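Work through the following exercises with the sequence and the model side by side. Each task is followed by a solution in steps.

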Amino acid sequence: GGPDYCAACPERCNDCPYLRELPATVEGWEVWDVLERCAGQLRIGPAGPVALDFMAVFEMSGALGHSRKALAEFLPAAEAGLIRGLMRRMTKAE
């Protein structure tokens, strides 16, 4: 539902995915920042997006001075979520 998902809720709840999935550390926020900046750096296959271009993502992280170690740790899970979300969005559009 995107950022408007919670607009109908009278108050914030523990089930809100936007609260539940918030990064809890500075490193987590750095990875989120890089992921948002590089969301268009995708490797595309016949069925659509299949992966992030890790080289571009690590270059961006280095340019921003973010923790490359944290990126290496968190990026695979972040990439999986991004690709799942993109594929779900593509399936709904068809």
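**Exercise 1.** Determine which residues L52 touches, not counting residues up to four places away in sequence.

Solution. L52 touches L35, C38, Q41, L42, R43, V57, L75, E79 and L82, where contact means heavy atoms within 4.5 Å. The model is a predicted one, in which local features need pLDDT of at least 70 and side-chain atom pairs count only at pLDDT 80 or more, while totals for chains, interfaces and linings use all residues. Residues are numbered from 1 along each chain as its sequence is written, and side-chain values use heavy atoms, with hydrogens and water left out. For one of these partners, L75, which is 23 residues from L52 along the chain, the C-alpha separation is 9.3 Å.

**Exercise 2.** Place L52 in its strand, and state which residue stands opposite L52.

Solution. L52 lies in strand 2, which spans residues 48–52 and has four of its five residues buried (under 20% relative accessible area, with a 1.4 Å probe and protein chains only). L52 itself has a relative accessible area of 2% and is therefore buried. Strand 1 (residues 42–45) pairs with strand 2 in the antiparallel sense over four bridges, and a hairpin through two residues joins them. Opposite L52 stands L42.

**Exercise 3.** Describe the surroundings of E79, beginning with the helix that holds E79.

Solution. E79 belongs to helix 4, residues 68–93. A polar atom of the E79 side chain lies 2.8 Å from the backbone nitrogen of L52. Beyond four places in sequence, E79 touches A51, L52 and F54.

Terms used. Polar contact = N/O pair within 3.5 Å; in protein donor to acceptor, adjacent residues only side chain to side chain. Buried < 20%, exposed > 50% of the residue type's maximum accessible area, 1.4 Å probe, protein only. Pairing = 2+ DSSP bridges.
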